[in-house]
Each structure stands twice: as structure tokens, then as C-alpha cells.
Amino acid sequence: MHVVIGAGPAGLAAAWQLRRDGHEVRVLEASDHVGGMAGVREVAGVRVDLGSHRLHPSTPPWLLDELGQLVELQERPRNGRIRMGGRWVPFPLTPMGLVRGLPARVAARAALDAAVAPLRRPKADTYAEVVRAGLGPTVWRRFHEPYAWKLWDTDPDLLAGELARRRVSASSPVDIARRLARGVRSRPTFLYPRRGFGAIAEALAAQVPVDTGRRVNRVIEHHDRVIVGLSDGRLVTASHVHATVPAWRVASWLGLHEDPVGPPPVRAMVLVYLVLDRRPYTPFDAHYLPDRNVLLSRLSEPANYRDSAEDPTDRTVLCAEIPCWQGDDVWSAGDDALGARVADDLVRSGLPDPRHVAVHVERLPSVYPVMTPQSLGALARAERALTMSTRVTVLGRQGLATPDNTHHVLEMGVRSARCVRPDGTFDHAAWAEARDAFRSYVVED
């Protein structure tokens, strides 16, 4: 039997493919919900995501075909905006959006930055330098620098350049030209399940046995099996384990790795849902708010992501994403206080007064790993240590501290399962090849 630790997209995709290939599989999930950060909740009768999620059109066709057999996917126009220079700029960026949205002086500076982009080179391999050199000082100062501070609460000059190369898709002059040209040809779109993004996890979980409320606290590997220990004292025996928890934790469980640096600090997130007794709040699906004086980093309106007869017509729900540290003042604040602060910040950002009638809060303890060169080195050492294991594989966004899109981690889960041979043994060479390919994935806007 194969055991999958974690019922997020990567783990569920791995279990789903293993089951389809005829292998016995069991999924162990610590929480009471499936999907991880790609799960679903219901607030005031509205199905809501844990933040803003969508399937990018670059999702491989084979994966779209598979998902289309599980959930109803709708193609929707992108309709987001960024608050820059005290004005709203359409997102994703388009040439006309920049010209019309930015103040004339700022637009002129951004245009000059783009013109001289081939002459710029990063002065160091840091997040700040990679983005500044690629997108120019104007866009860096107006959007990416304050937004980076909000997400990671760390000087961007201390963050690894690899994080920028993986997370900021338009980080070079070639990327900028390609994406702006694409914006001229057609309006950007995305794919989204009619019943909310969490419907993907629900559909996958319906295909495989998932045990929720099962927290793993140790893994012991023998030459012919793996024993997985649960916090309630029970043991589960497997022929192979596919783990979607952090690599350094798995290496520690196996006794393979003692790193003096340890895991990176990880930023948490508080999601504040405001219930409004009208619909819609705005016609936009998402608003990005880089201003560091504004608590939230992004606001989304789930009902605007889809066309569903299940959504109530007399109310809507807004989702405000607030990066924070677990245990800090934001994390510990009461629901009503958070709701009032979000409402005030929306008005100060030029949005309508939400006049909400209820507040619901979700707290996610592990969302944004603070990736410095030191923590990337610790991850690399943990992965090298794990090559000593023959029956445990680590994958997924949390497992490998990757900023990937959902379609990337779904593919990662499927690829992990396909490395299992018909006799149940694992093809480590095939997985190493797949893992190398995953390192080239870049987040799509």
C-alpha cells in the first residue's frame, strides 16, 4: 500500500493517479478539510476559496482534459486591478492599461525603464535586484517592493534571487515584451470551476480514501516497508510514502538530516471574509493593494470568478488576504476588529464602503516561506539527505517550498505516482528527472 501524507492538490493528485494505476493507496490529512490552501469553505451560503485561486490557461491540455471530467470548468475573463500611484491599473498588465492607468509622469518613467531594460543587469542575486533589473525601478518601487515587504516582511535585498525568477513571471525584457504583446492580441482569461476552486480538491478526494484528522509525527523506514506514526499513537504500514510536508521535516523524521540552519521562517495569513447584503461589491474579481499602510495585500470576490446559479443573488462575500506572523497582533485580533480594519482600508484605497453585515475569519499558519540563500541551502541539503531514502518521496508546494501554480503541483503529484512501477516499486531515476523539470516552473500571473 502507498501512503500519501497531505490532502492538498499535490497529494490528492498523486493518490488519484496511484488509484487509477491499480495501486492501493491511503491519504492521511492532519486537518478536518481536504485541499489545503486550495480548499473551500462556506460563508453565508456562498462557497469561498482560501484566498484568490484560478487555473491558468497554460495548464497542460492533458491535465485540463482530466480535470474537465471531474469538475465543470468555465473560461472567464481576467478582470483584476493593482493600486499604483494612487490610481487603478488593470492586471494582468497591458500596454494601454499602463498608459491609461498610471499618472502621465509615472507612465513616462515606466516607458523609459522598458526602453533601457536590455542595458540593466542585477547587481546581486537577490529578489530586489532581479526584479528591479527586469521590470525597472519605477514598477519595482511602485508595486513589487512594497508588495514583497507585505508578503514576507523581510528586506527584499535579503531574499534569494531564485524566488524572483520563480515567482515573478515577467522578470526580463523578453518576458515583458512577450506578455505585453499577448495583452494586445487578446484579453487574458482563466479557468475556474463553477462550484469554486475547492471543487477540484473535493472531486479528487471523492476518488480516493482520505483520512482527515490524522497528523503524522514520525516516519520509520525499513528495507521493505515504511511505518508511519500518527499523533494518536496508531501506526500505518506502507510500501512507499509520498509526503507533501516540508522536506526538512521528513528528513528529520527519518533521522537523515540535522541542519544547523533549520527550516525557513514561514509567514502566515489571516483571511477576513466580509458578508455584504447586496451583490456585486464591484465588477472586478481581484484587487491588489501594495500600499504598506493598508493591512490587506489582495481582495477578491469569489462570486465574480464564476457564473453559478448556486450563488445567492441577494448577497456576496469578499475575501481579504492579510499576510502576518503566527501569533502576532494581526493573527490574534478578534474577528470584528479585523473586519472593521479591512473595511476602513478598502475605503482609504478608493474602494466603496463595504457596509458588511457579518465577518468570518480563517487563519492559515503556513503560507509564504521566507526564502533566503541560507534557507534555500537548507532545503537543498534536506533534499540531498532524502536521496538516501528508497521508500519516501517529498513533493508539492509545501514539501519543496515552491511558489508554483496549482496546475504545477497537480502535475507534480501525477508524475510522482507515475514513477511507481506496476510491481509497486518506485523509479527513483524517473523521479529525479521529473524533479529537475519542476525546478524550471515559473508562476503564471
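Student: Leaving aside neighbours within four places in sequence, which residues is V241 in contact with?

Tutor: Happy to help, and keep in mind that this is a predicted model. Once neighbours within four places in sequence are set aside, the contacts of V241 are V3, I5, V226, V228, R391, V392 and T393.

Student: Which helix gives the most to the largest nonpolar core?

Tutor: Good one to ask! This core has 107 residues, and those touching the most other members are I5, Y127, W152, V228, V241 and V250. With seven residues, the helix that gives the most to this core is helix 6 (residues 137-152).

Student: How many residues are in the other core, the one with L274 and L289?

Tutor: That core lies apart from the largest one, and its members include L274, L289, W331 and L346. Its number of residues is 23.

Student: How do helix 10 and helix 13 pack: parallel, perpendicular or oblique?

Tutor: Let's start with the geometry: helix 10 (residues 247-254) and helix 13 (residues 373-386) have axes 9 Å apart and pack at an angle of about 45°. Angles of 65 to 115 degrees would count as roughly perpendicular, and those under 35 degrees as roughly parallel. At about 45°, helix 10 is therefore oblique to helix 13.

Student: Is E411 buried or exposed?

Tutor: Nice question to finish on! E411 sits in helix 15 (residues 406-418), and beyond four places in sequence it touches P60, W62, L63 and Y441. Buried means under 20% relative accessible area. The relative accessibility of E411 is 12%, so this residue counts as buried.

Terms used:
Residues are numbered from 1 along each chain as its sequence is written. This is a predicted model: local features need pLDDT of at least 70, side-chain atom pairs count only at pLDDT 80 or more; totals for chains, interfaces and linings use all residues. Side-chain values use heavy atoms; hydrogens and water are left out. Helices (H or I, at least four residues) and strands (E, at least two) are DSSP runs, numbered from the N terminus. Buried means under 20% relative accessible area, exposed over 50%, partly exposed in between (1.4 Å probe, protein chains only). Contact means heavy atoms within 4.5 Å. Axes are lines fitted to C-alpha atoms, for helices over the stretch in contact, and angles run from 0 to 180 degrees between N-to-C directions. Angles under 35 degrees count as roughly parallel, over 145 as roughly antiparallel, 65 to 115 as roughly perpendicular and the rest as oblique. A nonpolar core is a set of buried Ala, Val, Leu, Ile, Met, Phe, Trp, Tyr and Cys residues joined through side-chain atoms within 4.5 Å.
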